[in-house]
Amino acid sequence: MMFRWLFPNENALTPAENAAWKLSALRIILVSGFLLEIWIAVHTSASAFASGNYKVIWVVGLLYVIKSVAIYYSTRSVRASAGLLILNIYGVTLAVVTLIQDHQIAALGYILVYAAPLIARLFLGLRLALWLMFFNIFPFLFLISRPDQYGWPDLQVSLSSVQTDVHALIFLFFNFCLPLAVFRVLHELDSTLTQFTRASKALKLSHAQYQEIFENAGTALILTDPAGQILQANNQANTLLGRHSHGEQSRDLFSWLLMENSVRLQDKYGQDTDELRLSAYQTRDGKMVVMNNISQTSTGEFIVALSDVSSFYAMHNALQLSIEREDYLSSHDLLTNLPNRDMLRQHLTSVLANQDGIHVTALVSFRLNSIRHANQQFGAPAGDTLLRRFADELGAVLPENSFCTRLRSIVFSFVLERFQTPGDVVLFVEQIREKMPKEIEINGEMLQVQFSAGIALLRNGESEPDDLIRRSEMALDAARKSSDQSTSLFDDAEAQEIRRNIEIEVGIISGLKHNEFHLMYQPKICHQGKLAGVEALLRWDSASLGRVSPAEFIPVAEHSGLIHHISDFVLDAVCAQIRLWLDTHGESPVVALNLSVIDLARTDLIELIEERCQHYRIETRYLELEITETGLIANEAISIQHLNALKKRGFSIAIDDFGTGYSSLSKLSHFPAHTVKIDRSFVAQIGYNPKSEMIIKAIISLAEILSCKTVAEGVENEDQESFLKQVGCDFFQGYYFYHPLNRRDMSDLLVSNLPLLQQAS
């Protein structure tokens, strides 16, 4: 326990309380002095007590109290304890000098103070040691200047053992106390030297390991000062930067990385940043380098990790170019490099947002009508060439900075702004038409350039670019249909027609869903005035549009592709009605229903009709399918194929509106028809127009040649009936006999005609 107190753990004290070896050395002096000198103190005190010099006992006791306090304070404060030790030394010296009568013995007391600077340096610092060395000059001068005068006569005492005690005190202090403390210091120095040697070896090993790690870290590493001066670089970094490991060369890192060719990268949020590590720099030999990591050392230097991203940068550039190319292609036409429809919409959105209400803005569309001739004569590549040349010529004649697009396949559109009147726009468009070439050379041949022009004017307050584009296309269609293909300006009447068609298109879908469509039946009468069959007529009573004529909604349905849904509804309703009549009356008239031009081209037409007949268990002889002459011509091959297949299955085929088409007699002879229906436009001219009457006679004669029955539509008076019977027409339809009947009235008529129908079946 004592040794632990004398030799404390070196980690026990903080730096503020001084080093552990100082405390150990101080305690060695204090304790060894206290123990070794105690017999001197006891011997001196006993001699003083025997001779009656009690003041010596008090002095010795006081000095031992000071030393005891110094030992006590050594556990708390090294500096306070050391100060008390120095005070004790000067106290002992003063006691020896003042109390001893023998001046030679008293002079020895001055030797003790010479140890004070050494103790002060060990425990209290150099400054105090120097002061004490300077202070000790005064006792020394006093000693050599007055060798025979010491102390104060009133205080001097005579003790028989004083010489022995003083010599013993000096001997013990300088031979034991101070040497032991110095030995402790030297031991500490030896230990420190040993530790330093070990640390030096460890440091050399650590440095070697650091060098190995630094050189073989698998990445390019550079050590720089705060100013960017290279202090050290491994081989990978030197190779990457093109530096030599030895020789005179620039130490500035950014003299090897070209700042002017740096590329700013983006952080994870896609924002540009000024951080060095988020930039790619070009080296002198063209490589692209990034700073992967920048770490500051404890001494203020920086470790920079570099990476070669040349291949990545090349891939990044290729990807960026690909993205830019993709963005360009998404907004431009690949063939002509003109902006596409989406870009036109964006441009018009900007124009609409900045209209001033004073100037006239127009969207003009050109349709290249001669493209078909180029494709037919020279092939599709020639057509593409014509489109490119046309786009180039159009861009050349338009005003500078005009926004011109390829709207769709053969339609080009451009925006005209800041005109005073609509007339100025039309005049300017005509001037452009005149400047456009009349012919373009393709493959050594001169092709005529024919195009139509449509103009749509921007309306005040308009905000939808699609409306303007649609009006421009409508004006273009109107110009294309005109005989001279002149420039057409879109008007509000056409806009009203478009809105009406859209309302009908939307209404058809809603009407089929909410059962707004129903069938009426137009009876077909024989010569005796009896029922010979009926024609199913579709009617639509719309909740929003009111009653809509078939002449209005059928073309819209055909154009929008909704005619399939209507035909499916009519076929199902007719088959269901035939089944109802058969179940109720045991017989049903032949019901004729109309097939549109689009229906004839359906691949599932035959399967659909057969499936409905099987579903309602009706024979094919109860259905007659009416096809218009123009419908037959529009899809001649597929029409003949489907009609032949239907005829073989027992369905009757009728050609509706006969005489209004443009088919030749040779083509008509190939159509598998059972019935020819004479159009009402000819019947209405009976008695007024001899040519119409001659046409009717010719149709009936042709029908006889084709082995077909004839039905006259639109018979409205007796004269028409008489003429038709006279020329040999087989059946009649019209208001003269019956208006279209609903299901109830049709059932009543059917009951009165059952005997004739049963006889016919």
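This passage describes the fold, cores, aromatic pairs, largest pocket and selected residues of a predicted model.

The protein has 761 residues, of which 43% are buried. Its secondary structure comes to 31 helices and 22 strands. Among contacts between residues at least 6 apart in sequence, 63% join residues at least 24 apart.

In soluble globular proteins, nonpolar side chains tend to be buried together. In this model the largest nonpolar core contains 49 residues, and the members that touch the most other members are I508, F553, V574, I609 and L623. Helix α21, residues 563-585, supplies the largest share of this core, with nine residues. A second core, separate from this one, has 34 residues, including L338, L398, F412 and I432.

F553 can be described further. Its relative accessible area is 0%, and since buried means under 20%, F553 is therefore classed as buried. Once neighbours within four places in sequence are set aside, the contacts of F553 are I504, I508, F517, L538, W540, V548 and I566. I508, one of these contacts, is also listed with F553 among the core residues that touch the most other members.

A pair of aromatic rings is described by the distance of the centres and the angle of the planes. The model holds 13 aromatic pairs. In one of them, the ring centres of F517 and F553 are 5.7 Å apart and the planes meet at 75°; an angle over 60 degrees counts as edge-to-face, so this pair is edge-to-face. The two residues come from distant parts of the chain, being 36 residues apart: F517 belongs to strand β14 (residues 517-525) and F553 to helix α20 (residues 550-560). F517 has a relative accessibility of 6%, which is under 20%, so F517 is buried. Elsewhere, a single aromatic cluster is formed by F366, F390, F412, F414 and F451. F412 of this cluster is also a member of the second nonpolar core. A charged residue is placed against an aromatic ring as well: K524 lies over the face of F731, at 5.5 Å from the ring centre.

The largest pocket has a volume of about 1,000 Å³. It is lined by 36 residues, and those closest to its centre are E535, L537, P550, N594 and D656. Two or more lining residues come from each of the elements β15 (531-542), α20, α21, β17 (591-595), α22 (597-600) and β19 (652-658). Helix α21 thus has a part in this lining and in the largest nonpolar core.

Helix α8, residues 116-123, is mostly covered, with six of its eight residues buried. The buried residues of α8 are A116, P117, I119, A120, L122 and F123. After α8 comes G125, which has a positive phi near 115°. Helix α10, residues 137-145, contains I137. The relative accessibility of I137 is 38%, and this value falls between the limits of 20% and 50%, so I137 is partly exposed. I137 and Y114 are separated by 23 residues in sequence, and their C-alpha atoms are 9.7 Å apart in space.

T361 lies in strand β7, residues 360-368. With a relative accessibility of 11%, T361 is under the 20% limit and is therefore buried. Apart from residues up to four places away in sequence, T361 touches V351, V415, L416, E417, R418, A456, L457 and L458.

Most residues other than glycine have a negative phi, and most peptide bonds are trans. N337 is not a glycine, yet its phi is positive, at about 65°. N337 is placed in the loop between α13 (310-331) and α14 (341-353). Its relative accessible area is 44%, so N337 counts as partly exposed. N401, also not a glycine, has a positive phi of about 70°. N401 is found in the loop between α16 (380-397) and β8 (404-408). The relative accessibility of N401 is 74%, and because exposed means over 50%, N401 is exposed.

Methods
Residues are numbered from 1 along each chain as its sequence is written. This is a predicted model: local features need pLDDT of at least 70, side-chain atom pairs count only at pLDDT 80 or more; totals for chains, interfaces and linings use all residues. Side-chain values use heavy atoms; hydrogens and water are left out. Rings of Phe, Tyr and Trp (its six-membered ring) pair if their centres lie within 6.5 Å; planes under 30 degrees apart count as stacked, over 60 as edge-to-face and the rest as tilted. Helices (H or I, at least four residues) and strands (E, at least two) are DSSP runs, numbered from the N terminus. Buried means under 20% relative accessible area, exposed over 50%, partly exposed in between (1.4 Å probe, protein chains only). A charge sits over a ring if NZ of Lys or CZ of Arg is within 6 Å of the ring centre and within 35 degrees of the ring normal. A nonpolar core is a set of buried Ala, Val, Leu, Ile, Met, Phe, Trp, Tyr and Cys residues joined through side-chain atoms within 4.5 Å. Contact means heavy atoms within 4.5 Å. On a 1 Å grid over the protein atoms alone, a cavity is a set of points where a 1.4 Å probe fits but cannot get out, and a pocket is an open set with protein on both sides within 12 Å along at least five of seven lines; lining residues have an atom within 4 Å of a point. Grid points are joined across faces, edges and corners, and a volume is the space filled by probe spheres set on the points.
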